[in-house]
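Hi everyone, thanks for coming. I'd like to walk you through one model today, so please have a look at it with me.

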Amino acid sequence: MNCPPLLMRLGIYGQRRFSLWLPLFLLWPLAAAVAIVLTPLVLLAALIFRPLVWGKLALLSGPMFFGVLCALRGLELDLNLGSRLLHISFK
Amino acid sequence: MSDNQKRILDLLAEKKISVDEAQRLLSLTGPEKDTGTKGSEESAGAKGKPKYFRVQVQPEAGSGKESVNVRIPMALIHAGMKLTYLIPDHASDEVNEALREKGVNFDVRNLKEEDFEELVAALTDLEVDVKGGKEKVHIYVE
């Protein structure tokens, strides 16, 4: 299993140069704590709504979103907005 | 040489940006032949399993339009494909309807991961270049 991105880089290059590294790894322990707290509630909701489609979706959505989060690593976006250049990347 | 390119070289000369940053920024400005060649070399070198899906939109010089360079990890696309299971039926219907209005007769419920695998397999052997209006779109994998 991949791990989620540790850093996000945001850069704006124009007349003034601005580059920011956001330490995403500081958020993950917090997110993990929230996930641990919410897991029993989600399981309960899934159990209650089991006959409905939403029960299955509630169970699947967590791992799926975590998968997307992990897969963000390596994503790069460069936009040339004429006078400014915008760069976003996940490391 | 465009104003943007001059500005990037100025920033490099003033040591405000690194050589790598300047190279990356230069590749975004103007329709340079380097960009396409580099993409071809990279994709040609990665004949194994491609890791990234690249989309580059280059406007014509002087058109003043934005250029876009996106590198999407394949893992993100696969994860995104799995998310389609979460789309409710009525939302799929609305998407299909919107596509039909645009002249695209396609059912998003039929979108399967295998189809995307086929597309990626095809893109490892060829690159897609679309030139329309004042933009050139280059799609390849690396």
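I'll start with chain A and then move to where the two chains meet.

A quick word on the source: this is a predicted model, where local features need pLDDT of at least 70, side-chain atom pairs count only at pLDDT 80 or more, and totals for chains, interfaces and linings use all residues. Residues are numbered from 1 along each chain as its sequence is written, while chains are lettered from A and ligands numbered from 1 in the order in which they are written.

So, chain A. It has 2 helices and 4 strands, taking DSSP runs of H or I of at least four residues as helices and of E of at least two as strands, numbered from the N terminus. From the N terminus, the order is β-β-α-α-β-β. Of its 91 residues, 11% count as buried, that is, with 20 or more other C-beta atoms within 10 Å of their own, C-beta atoms being placed from the backbone.

Now the contact between the chains. Chain B brings 24 residues and chain A brings 22 residues, with a contact meaning C-beta atoms, placed from the backbone, within 7 Å. On chain B's side, two or more residues come from each of α2 (19-28), β2 (67-73) and α4 (74-83). Which of these gives the largest share? That's β2(B), with 7 residues.

And β2(B) also pairs across the chains: strand β3 (residues 76-80) of chain A runs antiparallel to it, joined by 5 bridges, where pairing takes at least two DSSP bridges. There you'll find L79(A) opposite V68(B). Thanks, all!

Definitions and conventions
Contact = placed C-beta atoms within 7 Å. Buried ≥ 20, exposed ≤ 12 C-beta atoms within 10 Å, placed from the backbone.
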